[in-house]
Amino acid sequence: MASFKPTQIPDLPKLGEKITEDTLYWKNYKAPVQIKEFGAVSNIDFSPVSPHNFAVTAFTRIHIYGPFSQEPVKTFTRFKDTAYCGRFRSDGQLLVAGCEDSVVRLYDVGGKAALRMYKGHTKAVHVADFTTGRYQILTASDDYTCRLWDIPNAVELTAYQEHTDYHHIRCFLVHLLISGSYDHTLRVFDSRTEKSVMTMDHGQPVESLLLYPSEGLLVSAGGRYVKVWDLLKGGQPLVSLKNHHKTVTCLALNSSGQRLLSASLDRHVKVYNTTNYKVVHNFDYAAAILSLGLAPDDESIVVGMTNSILSIKHRKNLEEPKETSKPRRRPSYRVFMKGKNFVPKQDDYFVSKPARQHLAKYDKQLKRFNVSKALDTALEAWLRRKKPEVTVAVIKELDRRGTLKNALAGRDEEQLSRLLCFVIGNFFDTRFTPVLATTAEIVLDIYQCVIGQSAVIDRHLIHLQKLLEKEIYYQKDLMEILGMLDTMFAFSLLRKELICVLQHYDDLSQL
């Protein structure tokens, strides 16, 4: 008698996220460390010098955290009202911040009290940062002005007032200052003059600006749009991205400059390839995102949210495998392993002991010809949810044996409902459609006389009918599109052939 052959489970292609180098790179972070701040985290800035501490601005405080600390290593609290935009200077020694009380404060990172206080604005100062020269500060306020200050003398050098709404962002070239405003415009100012030299229209209230290290490309974020501008071509727009569902609040560039990150109120951080500006990865968070910081060499990703939570993700370290000594074996090990390593000679006759065959539960039922119980076993909750290909393989085996109709017949309301749920959930998976279509036809043939006696079964059948009608509608649309594409391709080929023939006749006529 021939031995029983277990059900063959085919190796079907897996559906889901495509694994790329970017996926592996950006997923290589540990579980996030979450820290509760005193208010919404409005700004995050990393120090340019080692050990790359980062300043977190939240409510009336600015906390400075170490690269791996969960407690602040330094705190600045002497603000009368909400603090804004705490930022480091390029040497990491000084920190500047704006405030709701219109005063700009300059701090020594190693001290406590403010070194300088710059007064001149009449409303809240939302932006304060150092210029590339390190000895000047640029501030932007709700009084529609943008002011340039001299650090040592604490005096105002220049004031710009061309925006007609709040402007909260900035970035710098050697002599150029770039600002964005809620009046939808981006303006480039020359620090040696008092007027703007270039204007660009973003089309939405501008929330964030980012300048590439090459200083030739500018990225602006406002509304749901992220736009890239070429400054060397007079502010010509290059790309307009619309991948977020809500307002984009902040931008960041990775250490290599090849990946652009944008964060939004829709709780997502998108990672773009700066070559083609396609999304290569996505991070999900629990609340709307207000600020984003990326450590040098992408060692950490820090995100500040509206619910006062600071989320910190550290990159995993590639630990070298530890050399572990082999466990000491018991004396009985020699008894069980005796003869296992023996190599037979060429003239020896080898007698092998047949290996015991271990069958799955559904195969055991099939071996006993219990086809209905085999199908019930394959429809167990954990199996049909985690491994639907196994359930489909059992149904296919029953159909091959010609016993599928017997297995489907004689089912009560609960068993039939479980089967229909599985069919509806996987019917439009192209890997399973041929098998499940046959199953659905047999079910309708068997139970058509009892339709209308169970509200649960009727609901499943109506749902299946609606899904089929929708799929047929999609297929018709796709066929129409395919016909249009075939016509376009055929016309383009005929046109190319005609051009080639005409060129050939022209060549002959010239001869």
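**Contacts and cores in the predicted model**

Glu397 has a relative accessibility of 14% and therefore counts as buried, the cut-off for that class being under 20%. The model in which this residue was examined is a predicted one. Glu397 forms a salt bridge with Arg401, and the closest N and O atoms of the pair are 3.0 Å apart. Arg401 has a relative accessible area of 29%, so this residue is classed as partly exposed. Both residues belong to helix H6, which covers residues 388–401. Because Glu397 and Arg401 are 4 residues apart in that helix, about one helical turn separates them.

In total, the structure contains 13 salt bridges. One of these joins Arg411 to Asp376, with 2.6 Å between the closest N and O atoms. Arg411 is placed in the loop between helix H7 (404–408) and helix H8 (413–426), whereas Asp376 is in helix H4 (residues 371–378). The two residues are 35 residues apart in sequence, so the salt bridge ties together separate parts of the chain. Arg411 is buried, as is Asp376.

A further salt bridge is formed by Glu156 and Arg147, whose closest N and O atoms are 2.9 Å apart. In this pair the acidic and basic partners fall into separate accessibility classes. Glu156 is partly exposed, at a relative accessible area of 35%, while Arg147 is buried, at 13% relative accessibility. Salt bridges also link Asp45, Arg87 and Asp129 into a network.

The UniProt record, an unreviewed entry, lists residues 118–159 and 241–282 under "repeat: WD". The span of residues 118–159 is 55% strand and 0% helix, with 13 Å between its end C-alpha atoms. For residues 241–282 the strand content is 55% and the helix content 0%, and the end C-alpha atoms lie 15 Å apart.

Aromatic pairs number 10 over the whole structure. The ring centres of Tyr160 and Phe189 are 4.7 Å apart and the ring planes meet at 40 degrees, so this pair is classed as tilted. Tyr160 is in strand S13 (residues 155–160) and Phe189 in strand S16 (residues 185–190), and the pair thus joins distant parts of the chain, 29 residues apart. Tyr160 and Phe189 are both buried. Phe427 and Phe428 make an edge-to-face pair, at 5.2 Å from centre to centre and with 75 degrees between the planes. Phe427 is buried, with a relative accessible area of 9%, whereas Phe428 is partly exposed, at 32% relative accessibility. In addition, Tyr25, Trp26 and Phe283 are joined into a cluster by ring pairs.

Charged side chains are also placed over aromatic rings. Arg61 lies over the face of Phe38, 4.0 Å from the ring centre. The ring of Tyr225 has the charged end of Lys227 over it, at 5.6 Å from the centre.

In soluble globular proteins, nonpolar side chains tend to be buried together. The largest nonpolar core of this model has 34 residues, among which Leu398, Leu408 and Leu436 touch the most other members. At least two residues of this core come from each of H3 (361–367), H4, H6, H7, H8, H9 (433–447) and H10 (455–510), all of them helices. The greatest contribution is that of H9, which supplies 7 residues. Apart from its neighbours within four places in sequence, Leu436 is in contact with Val392, Ile395, Phe422, Val423, Asn426 and Phe427. Among these contacts of Leu436 is thus Phe427, the buried member of the edge-to-face pair described above. A second core, separate from the largest one, has 18 residues, including Trp26, Ala263, Ala287 and Ile309. Trp26 also takes part in the ring cluster with Tyr25 and Phe283.

Helix H3 also carries Gln365. This residue has a relative accessibility of 17% and so counts as buried. With neighbours within four places in sequence left aside, Gln365 is in contact with Asn370, Lys373, Ala374 and Thr377.

How values were computed. Residues numbered from 1 in each chain as written. Predicted model: local features only at pLDDT ≥ 70, side-chain atom pairs only at ≥ 80, totals over all residues. Heavy atoms only, no water. UniProt positions renumbered as here; feature names shortened; annotations may be inferred. Salt bridge = Lys/Arg side-chain N within 4 Å of Asp/Glu carboxyl O. Buried < 20%, exposed > 50% of the residue type's maximum accessible area, 1.4 Å probe, protein only. Phe/Tyr/Trp six-rings, centres within 6.5 Å; stacked < 30°, edge-to-face > 60°. Lys NZ or Arg CZ within 6 Å of the ring centre and 35° of its normal. Core = buried A, V, L, I, M, F, W, Y, C linked by side-chain atoms within 4.5 Å. Contact = heavy atoms within 4.5 Å.
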